[in-house]
Amino acid sequence: MSVADAASTAEAIVDEILSAVVADRTVLEEVTAGLLARGHVLLEDVPGTGKTLTARSFATALGLEFSRIQFTPDLMPADVTGSYVFEEDTGEFRFTHGPVFANVVLADEINRAPPKTQSALLEAMEEGQVTVDGETHDLPDPFVVIATQNPVEQEGTFELPEAQRDRFMVKTSLGYPDADGTRELIDRRADRDRPDPTVEPVVDREAVLELQRVPESITVEGPVRDYIGEICRATRRDGRVDVGVSPRGVQRLFEASRAAAVLDGRDYVVPDDINRIAGPALAHRLVLHPEASVQGTARREVIESVLDDVDVPSMEPPSPEQ
């Protein structure tokens, strides 16, 4: 698949999702960039903004198998990964797949489950497999986790540890709809004779795998690679930050930048791609000093100030022979 074809296909996917979800197009493009880069997505927002509908709509538009896990305080790791069940007929134990065995897994309200259960997703998200009773089971390909969490209701929740937040390619927020979006929600509710908007498949599994291969062909020139590295190093020098972007975070920004270039229809990365995706790709990886947290400093603010401080490289488009 060419870059131009991938860009037009991604645009069609976002258009189809927007037919059912009232959301900002930029946010859906951030999620799409994460999926193209073979990453996982964390949606943090207040209740009722359409997080679950968005995850389900992505799975449908991509033509992929969808599974939902409702995280609760009593959820056990085996409820996520699956377990061995004894069959009396054969006298043997048979592995029963858990809901994590799907192409798109919605981890709904992931911060409501205890850390032991949250960690059940770690191997799955990083390795594309789960290990139960010493046996390793491969997950389907592609495999994407879209997790949601509610930032306002903290009673009965367990904050995601830094190691798990670092597993997500991007973290973003749907936010409240604007005036036109709010009117659209009201009109949909008022028109009882019209069925709820539904999403139709735009591509299938094989096309998704082709889409995910396209970013691997994107050119990233030396100065742009240095720019990515300097942005990440600058987060570690910021006085408000206790723990800056990890080496994994550097790689994820590189991968997300290539996906952003694909969405823009280019076969090379420019600094604007990095600046556009840096907030969703890096902010959730920062651990702020307690003083900064008390003062209400937002992680996105730190990333924005870092982008303002780091010199942007000047570059020319790669020559055709490259």
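**A walk from the sheet to the helices**

Leucine 42 has lysine 171 of strand β9 as its bridge partner, and this pair is a good place to enter the structure, which is a predicted model. Strand β1, covering residues 41–44, runs parallel to β9 and is joined to that strand by three bridges. Strands of a sheet pair through backbone hydrogen bonds, in either a parallel or an antiparallel way. Here, β1 and β9 belong to an open sheet of five strands, whose order is β2-β5-β8-β1-β9 and whose pairing is parallel. Because β2 (66–70) and β9 (170–172) stand at the edges and each has a single partner strand, one side of each is left without a neighbour in the sheet. From one strand to the next, the twist averages 15°.

Turning to the helices, we can begin with α1, which spans residues 3–18. At 1.5 Å a residue, its 16 residues should span 22 Å, and the C-alpha atoms at its ends are 22 Å apart, so the expected and computed values agree. Buried residues in α1 include Val3, Ala6, Ala10, Ile13 and Ile17, and the buried residues of this helix pack against α2 (25–36), α3 (51–61), α9 (205–213) and α11 (247–263).

A further pair of helices is formed by α10 (residues 222–237) and α12 (residues 271–282), which pack at an angle of about 30° with their axes 11 Å apart. Since angles under 35 degrees count as roughly parallel, α10 is therefore roughly parallel to α12. The two helices, α10 and α12, make a right-handed crossing, where Val224, Tyr227, Ile228, Ile231 and Cys232 of α10 meet Pro271, Ile274, Asn275 and Leu282 of α12.

Terms used: Residues are numbered from 1 along each chain as its sequence is written. This is a predicted model: local features need pLDDT of at least 70, side-chain atom pairs count only at pLDDT 80 or more; totals for chains, interfaces and linings use all residues. Side-chain values use heavy atoms; hydrogens and water are left out. Two strands pair if DSSP finds at least two bridges between them. Helices (H or I, at least four residues) and strands (E, at least two) are DSSP runs, numbered from the N terminus. Axes are lines fitted to C-alpha atoms, for helices over the stretch in contact, and angles run from 0 to 180 degrees between N-to-C directions. The expected span of a helix is 1.5 Å times one less than its number of residues. Buried means under 20% relative accessible area, exposed over 50%, partly exposed in between (1.4 Å probe, protein chains only). Contact means heavy atoms within 4.5 Å. Angles under 35 degrees count as roughly parallel, over 145 as roughly antiparallel, 65 to 115 as roughly perpendicular and the rest as oblique. A crossing is left-handed if the near helix is turned anticlockwise from the far one by less than a right angle, and right-handed if clockwise.
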